[in-house]
Amino acid sequence: MTNLPVATTHLTHIADNWRALAALQSDAKTGAVVKANAYGHGSSAVAGALARAGCRSFFVAHVLEGVSLRAALGPEPEIFVFHGFGSGEIPLIREARLIPVLNTLQQVGQWREANDNLPAAIHIDTGMNRLGLRPEEAGEARDQLAECQINLVMSHLTCADEPGHDLNQKQLSAFTELASLWPGTKRSLANTAGTYLGADYGFELTRPGIGLYGGGPTPPAGTHLKPGLTLTAPVLSVFEALPGETSGYGATYMLDTPRTLATVAFGYADGYPRAAANSGFAMLRETRLPVVGRVSMGLTTLDITETRDDIEVGSMVEFLGGHAHLEEQAIAAGTLGYELVTGLGHRVERIIEN
Ligand SMILES: *Cc1c(COP(=O)(O)O)cnc(C)c1O
């Protein structure tokens, strides 16, 4: 038994979440975004489990992520690379049979020059103003790529987590119009939150990420997502502290009554944000154990007075999972579920569970 924090990935939960998201867009195929090591959950294992569940289209950000995914998945599934390619990466794309997403006219030109009739995807920016061809460049891209095989046209929603936001409808119309430059080609617009906006947003392929891992905005009534991972940390020390004493660096928390405190091995070097000082929490089953004082590099102190009889040195408490909900912990730590799961540190012990 080590003293490390432990992240246990739940492959069956992730496959169940994929099926639940697929059921919301039954006219579309449902892909899976597994960039950034499947949002910190372990991309080979996650993609393997999703392929067994029936997923045929995967998305990563970088060519190298795609190369290792291809090794894990074998020849069948489509692997799209959101960032396209860097100079010199076309041979890797060819070798691993990745599908680059072309985001600029420069990438369009390079792809056309390299054309050996491998498929590519087109990303048109319809309002995010981040990555993708500008709408006014789409016609030129279409002309330049006339001899190339384009098998997906995509765009990305800016405010999908705000169903009433104007931009959703605007981007939907702009995308529908621009995608018609490639008639008959598969289209993809929706991330996780986009799949909650209704059937209009599904097109032929959806691209959920965070929902697969149990996070993101609250899904529609009747859809329940399960945690993609459970993060637990071991208790290193349990002690009584007295009124007037403080906890942690800077003495930012002062006790007003006698409390039982426990210090656990989980800190900002492990991915627990320092902004969780005096606002984050761990769970012991149903009981919430508030963070008292600042988060240190590898340590966090909790008030365990409520459950003092159930916790001793070596006990594990939960920071993420079925009791400590990802988005609730994220709010308490001043961030988003995305950042928490992708930010877990290298020394967090990893377990992959079915
Ligand atoms: C990351 C990403 C997604 C997935 O978004 P979620 O909000 O995690 O579902 C979809 N499309 C693009 C272009 C992305 O970068």
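Me: What makes D16, R19 and K226 a network?
Reply: In this predicted model, salt bridges link D16, R19 and K226. Take the pair D16 and K226: the closest N and O atoms are 2.7 Å apart. The cut-off is 4 Å, so the pair counts as a salt bridge.

Me: Which parts does the pair of D16 and K226 tie together?
Reply: D16 lies in helix 1 (residues 11-24). K226 lies in the loop between strand 10 (205-206) and strand 11 (229-241). The two parts are 210 residues apart in sequence, so the salt bridge ties together distant stretches of the chain.

Me: Why is D16 called partly exposed?
Reply: D16 has a relative accessibility of 29%. Buried means under 20% and exposed means over 50%, so D16 falls in between. K226, at 34%, is partly exposed by the same rule.

Me: How do you know that E240 and R308 form a salt bridge?
Reply: Their closest N and O atoms are 2.8 Å apart. That is within 4 Å, so the pair qualifies. E240 lies in strand 11, and R308 in the loop between strand 17 (300-303) and strand 18 (316-320). The parts they tie together are 68 residues apart in sequence.

Me: Why is E240 called exposed?
Reply: E240 has 52% relative accessibility. Exposed means over 50%, so E240 qualifies. Its partner R308, at 37%, is partly exposed.

Me: What makes R347 and D270 a salt bridge?
Reply: Their side chains meet at 2.5 Å, N to O. The limit is 4 Å, so the pair counts. R347 lies in the loop between helix 11 (337-342) and strand 19 (349-353). D270 lies in the loop between strand 14 (259-264) and strand 15 (281-284). The parts are 77 residues apart in sequence.

Me: Is D270 buried or exposed?
Reply: D270 has 1% relative accessibility. Buried means under 20%, so D270 is buried. R347, at 41%, is partly exposed.

Me: How many salt bridges does the rule give?
Reply: The count comes to 11.

Me: Why are C55 and C159 called buried?
Reply: C55 has 0% relative accessibility, and C159 has 9%. Both values are under 20%, so both cysteines count as buried.

Me: How many disulfides does the structure hold?
Reply: The structure holds 0 disulfides. So no pair of cysteine sulfur atoms lies within 2.5 Å.

Technical notes:
Residues are numbered from 1 along each chain as its sequence is written. This is a predicted model: local features need pLDDT of at least 70, side-chain atom pairs count only at pLDDT 80 or more; totals for chains, interfaces and linings use all residues. Side-chain values use heavy atoms; hydrogens and water are left out. Buried means under 20% relative accessible area, exposed over 50%, partly exposed in between (1.4 Å probe, protein chains only). Helices (H or I, at least four residues) and strands (E, at least two) are DSSP runs, numbered from the N terminus.
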